[in-house]
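Open the model in a viewer and keep the selection prompt at hand. The stops below go from ring pairs to strands and helices, with the whole chain at the end.

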Amino acid sequence: MHVSLLHAVRRRRSAGGASGSARSVAIVFWLAVVGLGGGLAGATYPSSSTATVMTTTLFAPSADARVEQAHPTRNYGRSRRLGTDGDPGTRLLTIIRFNLKRISGRVRHATLRLYVFRDPTRDGPAVYRTSNGWTESGVSWKTRPKPRGAAVAHMGSATVRRWVRLDVTPLVRGDGVLNLVLAQSGSDGVVFASREYATYRPTLSVTTTEATASGSPPPPLRFAYSNRDDQALMPTYGYNLIDVSTVSEAHAVPAGTTAQVWLYDYDNTTCTWEKSDTYVRNIVSQLAHDSKVAGFYFSNEPDPFACPNAPRQHRERNALIKSLASDKYTLIGIDANWRQHFERYGSMWVGAADYINYNPYICYVRDRSTCDFAWLDHVLAMAQSLPQPYFITLQAFREQGEWRWPTASEEARMLNRLRNPSLSGLRGYMTFSWNWQSDPLRDHPDVLAEIQAYNLGKPSPCCSSGTRTTTTRATTTTTRGTTTSSTMPRPLDPTVVAAGDLCGSATSCAPTANVVQAVHPAAVLTLGDNAYEDGTRAQYNAYYDPNWGRFKAITHPTTGNHDYHTSEAAGYFSYFGRQAPAAYYSYDVGTWHLIAIGAMAGVPAGAGSAEEKWLRAELAAHRNQCVLAYWHEPRWSSGSVHGNDSSSAALWRDLYAAHADIVINGHDHNYQRYAPLNPSGTFDPNGIREFVVGTGGWGHYGFTTTTPMPEVRNNTDYGILKLTLHRGSYDWQFVPVGGGSFRDAGSGSCK
């Protein structure tokens, strides 16, 4: 397997983005360059002098709340909505706190960004500084902090589902705690999203400038994954390493380039090498003194948690290669997207090769307004802190459901970070990928132009002055005063897939896992009984992980009755870790709210239970969203093994009362789709549509006649349920495994 393909396969371990209440995103541009010096491959590069660095840091609130005059002692600190209104007797104020840290240089700009959730306004609020004497969980109208001084910004008019920006530069001077109050004199109120609504939470961007040394030239070694089909073009775009795996390929690299030889990989399943020492000796011996060869890449994303001896084995293989080719570099790649393990994982490989390659991919489908530059900065800082020279791989690809294409300006920001003279350990960099999933880099000429300019030491086509930071994904208009409103970039409506009763052997659920891979969903929902027979950690590792484990980073699981064959479902929670934050939990996908409920076999769900009380509160907090809930045992089923299950009756009543839209279950090993049903199990146009999708791979169950009966049912095909979640509606499709003939598809509307 070539490194480009294997690299892509293993990237699915990514953690899916940074977490936490505050995120700092540094955007560095080198604004001025003085002098020219010698460079590599015929290019000229800036010499070290002085430059102005512009840094923009994004902060999320550490606290926010609204207060209501009509409810003077009530606290709304956990609400997903902020707002303002000037109507006498029913006034509303919003209070926001930001903890500002690591601001260096002169503050040039500070912008408060709010998302108008509903209620457009003609005369929105003004922004004031206020005191620090309030808490998110305790503040009320009676205890609210008062505005201090004159207003620094006025919103004016704003429409719904749009971001509004307010210039608050006079209030920011550097590090410290910034408390803001938004107050409105007019009576046309407006509602904003709070920090509890992660996708649309408020942000504060702070732009600073400072003088520093000018940028370093690009690293001496530059490589594009999957470049085998266009090797002759690599010098044109400033790349000087070519991906090869044989002696003849190494001899054929274009002029001005050298070969990086792929020696095949380390197998994280067997904890052994794909190629023997004899194979390595043969290839390396033939190329050890070849001037067309730069080095050897011999492992990509090894897993030391699955294979504890992997670091030692890599050091041994490195020693073998170096004993044969001492003047060629060795390189291995590690997974910089495995965030929950990165701190420990990254430091394990010191001495395992001459260079370690890190691959932080930071532009996610779920956030089209920016990339997670803070994670790239963190990875670079980690790499620089270790006594080990390194490569860095930057994102230049998309993968449906997880990563999107960077814009040209975002690519420029990534590349400009590599100009930092303090990155003394940086020896090379790569871009992934020249061609991935039939969407080649050449089809994105603006992004490729940024990479080419960087590789050749030329100014950025989009951002050479360092001041152009807007993207083509949003249309921006400026109004009189201090407010700028920009249209929210419209992402593709997300697709989720679901199935239960999955893996009872290493092969039983492989066909449905392949269907998931082909769909490229934004999220994967497992409906319980994921690893038979008892849900032990060993069964998860042996049966589930090689198959559905490929999607672990985007999986939102729930338990089944078999998981509780192991005390407290310990195998399930141990395997999924933070992907299963509790026995029941919720999250958003697009505009929908999804609720994962624990198996009735292990979590009491009757009226008045802790879970049922939590569900009622959860539904009350999300009244204006489409709702999908899922758990293992179906309330309604015509399956001959399990059938209807009244243990979830209270949950169904709560979901129906809250106008929930979809319920998905497993347990009976077949597929069933019901018409919308009320709590009595009778058709109701305002009822909930239930799907039973116990078709993940571990056998089929028969049917019986019962009340109610499903509209559609099948017990001969394995497959998954694919749901496309639109704003206010949804599409469903049963997708069978290869060779399956059963189909079911349709659409529905939210209530």
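**Aromatic pairs**

Select the rings of Phe, Tyr and Trp: with ring centres within 6.5 Å as the criterion, the count in this predicted model comes to 44 aromatic pairs. Start with Tyr115 and Tyr200, which are stacked, with 4.1 Å from centre to centre and 10° between the planes. This pair connects distant parts of the chain, 85 residues apart: Tyr115 belongs to strand S8 (residues 106–118), while Tyr200 sits in the loop between strand S13 (190–193) and strand S14 (203–213). Are these two rings on buried or exposed residues? Tyr115 is buried at a relative accessible area of 4%, and Tyr200 is buried at 11%.

Next, select Tyr544 and Phe576. Their ring centres are 5.5 Å apart and their planes stand at 75°, so this pair counts as edge-to-face. Tyr544 is in helix H10 (residues 537–544) and Phe576 in helix H11 (residues 570–576), so the pair ties together parts 32 residues apart in sequence. Both Tyr544 and Phe576 are buried.

For a group beyond single pairs, select Phe223, Tyr225, Tyr361, Tyr364, Phe397, Trp403, Phe432 and Trp436; ring pairs link these residues into a cluster.

**Strand S7 and its partners**

Select residues 92–100, which form strand S7. Of the 9 residues in S7, 8 are buried, and the strand is mostly covered. Add strand S5 (residues 63–68): S5 and S7 run antiparallel and are joined by 6 bridges. To check the register, pick Val67, whose bridge partner in S7 is Leu93.

Then add strand S12 (residues 176–183), which pairs with S7 in the antiparallel sense over 7 bridges. Here Thr94 is the residue to pick, with Leu182 of S12 as its bridge partner.

Stay in strand S12 and centre on Leu178. Leu178 is buried, with a relative accessible area of 1%. What is in contact with Leu178, leaving aside its neighbours within four places in sequence? The residues are Ile96, Arg97, Phe98, Leu100, Arg129, Leu171, Val172 and Leu204. One of them, Phe98, is 80 residues from Leu178 in sequence, yet the C-alpha to C-alpha distance is 5.2 Å.

**Helix H7**

Move to residues 408–417, helix H7. How many of its 10 residues are buried? The count is 10 of 10, so the helix is largely enclosed by the rest of the structure. Colour by residue type and the buried set of H7 includes Glu410, Glu411, Arg413 and Arg417, along with Ala408, Met414 and Leu415.

**The seven-stranded sheet and helix H12**

Now show the open sheet of 7 strands, in the order S30-S31-S32-S33-S35-S34-S36 and with mixed pairing. Strand S30 (585–589) and strand S36 (712–714) are at the edges; each has a single partner strand, so one side of each lacks a neighbour in the sheet. Direction ignored, neighbouring strands here are turned by 15° against each other on average.

At the S36 end, select strand S34 (residues 671–673), which pairs with S36 in the antiparallel sense over 3 bridges. Tyr671 has Asn714 in S36 as its bridge partner.

At the S30 end, select helix H12 (residues 610–620). H12 lies across S30, strand S31 (592–596) and strand S32 (626–630), and runs at about 175° to S31. Which residues of H12 are buried? They are Glu611, Glu612, Leu615, Glu618 and Leu619. These residues cover an arc of only 120° around the axis, which puts them on the same side of H12. The general rule for helices is relevant: an α-helix has 3.6 residues a turn, so residues three or four places apart point the same way. To see what covers the buried residues of H12, show S30, S31, S32 and helix H13 (649–657), which are among the elements doing so.

**The whole chain**

Finally, clear the selection and show everything. The secondary structure comes to 13 helices and 39 strands. Of the 751 residues in the chain, 59% are buried. Among contacts between residues at least 6 apart in sequence, 76% join residues at least 24 apart. With a surface shown, the chain exposes about 27,900 Å², of which carbon and sulfur atoms supply 50%.

Definitions and conventions:
Residues numbered from 1 in each chain as written. Predicted model: local features only at pLDDT ≥ 70, side-chain atom pairs only at ≥ 80, totals over all residues. Heavy atoms only, no water. Helix = DSSP H or I, 4+ residues; strand = E, 2+ residues; numbered from the N terminus. Buried < 20%, exposed > 50% of the residue type's maximum accessible area, 1.4 Å probe, protein only. Contact = heavy atoms within 4.5 Å. Areas by Shrake-Rupley, 256 points an atom, 1.4 Å probe, with all protein chains shown as cover. Pairing = 2+ DSSP bridges. Axes fitted to C-alpha atoms, helices over the stretch in contact; angles between N-to-C directions. Arc of directions from axis to C-beta. Phe/Tyr/Trp six-rings, centres within 6.5 Å; stacked < 30°, edge-to-face > 60°.
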